Amino acid sequence: MARVERRFQMLLTEEEFELLRTEAEKRELSASELLRTCFRNEIFRSDSYQRLEALRELTRIYPEASA
């Protein structure tokens with residue numbers, strides 16, 4: 001869990017992370033799973049062009065995941 005929390009520190013403020021964790025607990029998910037679900041929903045809700053742009057942005061932010 002500590003490793004995951006360090007990753008979130010780069011993306012979220014402490015308050016945002018606590019809100020994320022609280023919402024995740026309500027849904028019986030981990031904070032990382034809830035965040036992945038939110039990203040997935042946002043990508044699938046967008047049109048094809050927006051989806052591709054979002055995926056490009058994610059691979060730019062996390063280049064090791066695209067390898």
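A residue is called buried here when its relative accessible area is under 20%, and exposed when that area is over 50%. With this in hand, helix α2 of the predicted model makes a good place to start reading.

The helix α2 covers residues 14-26. Its 13 residues, at 1.5 Å a residue, should span 18 Å, and the end C-alpha atoms lie 19 Å apart, which agrees with that expectation. Three residues of α2 are buried, namely Phe17, Leu20 and Ala24. Around the helix axis they take up an arc of only 60 degrees, so they sit on the same side of α2. This arrangement can be read against the general geometry of helices. An α-helix has 3.6 residues a turn, so residues three or four places apart point the same way.

The opposite face is a useful counterpart. Turned away from the buried side of α2 are the exposed residues Glu15, Leu19, Glu25 and Lys26. Lys26 has a relative accessibility of 60% and therefore counts as exposed. The side chain of Lys26 also makes a polar contact with the side chain of Glu23, at 3.1 Å.

Beyond the helix, the chain enters the loop between α2 and α3 (31-45), where Glu28 is found. The phi angle of Glu28 is near 55 degrees, a positive value in a residue other than glycine. Glu28 has a relative accessibility of 74%, so this loop residue counts as exposed. Read in order, then, α2 is followed by a residue with positive phi, Glu28.

Note on methods:
Residues are numbered from 1 along each chain as its sequence is written. This is a predicted model: local features need pLDDT of at least 70, side-chain atom pairs count only at pLDDT 80 or more; totals for chains, interfaces and linings use all residues. Side-chain values use heavy atoms; hydrogens and water are left out. Helices (H or I, at least four residues) and strands (E, at least two) are DSSP runs, numbered from the N terminus. Buried means under 20% relative accessible area, exposed over 50%, partly exposed in between (1.4 Å probe, protein chains only). A polar contact is a pair of N or O atoms within 3.5 Å; within protein, one must be able to donate a hydrogen and the other to accept it, and residues adjacent in sequence count only if both atoms are side-chain atoms. The expected span of a helix is 1.5 Å times one less than its number of residues. The arc is that of the directions from the helix axis to the C-beta atoms.
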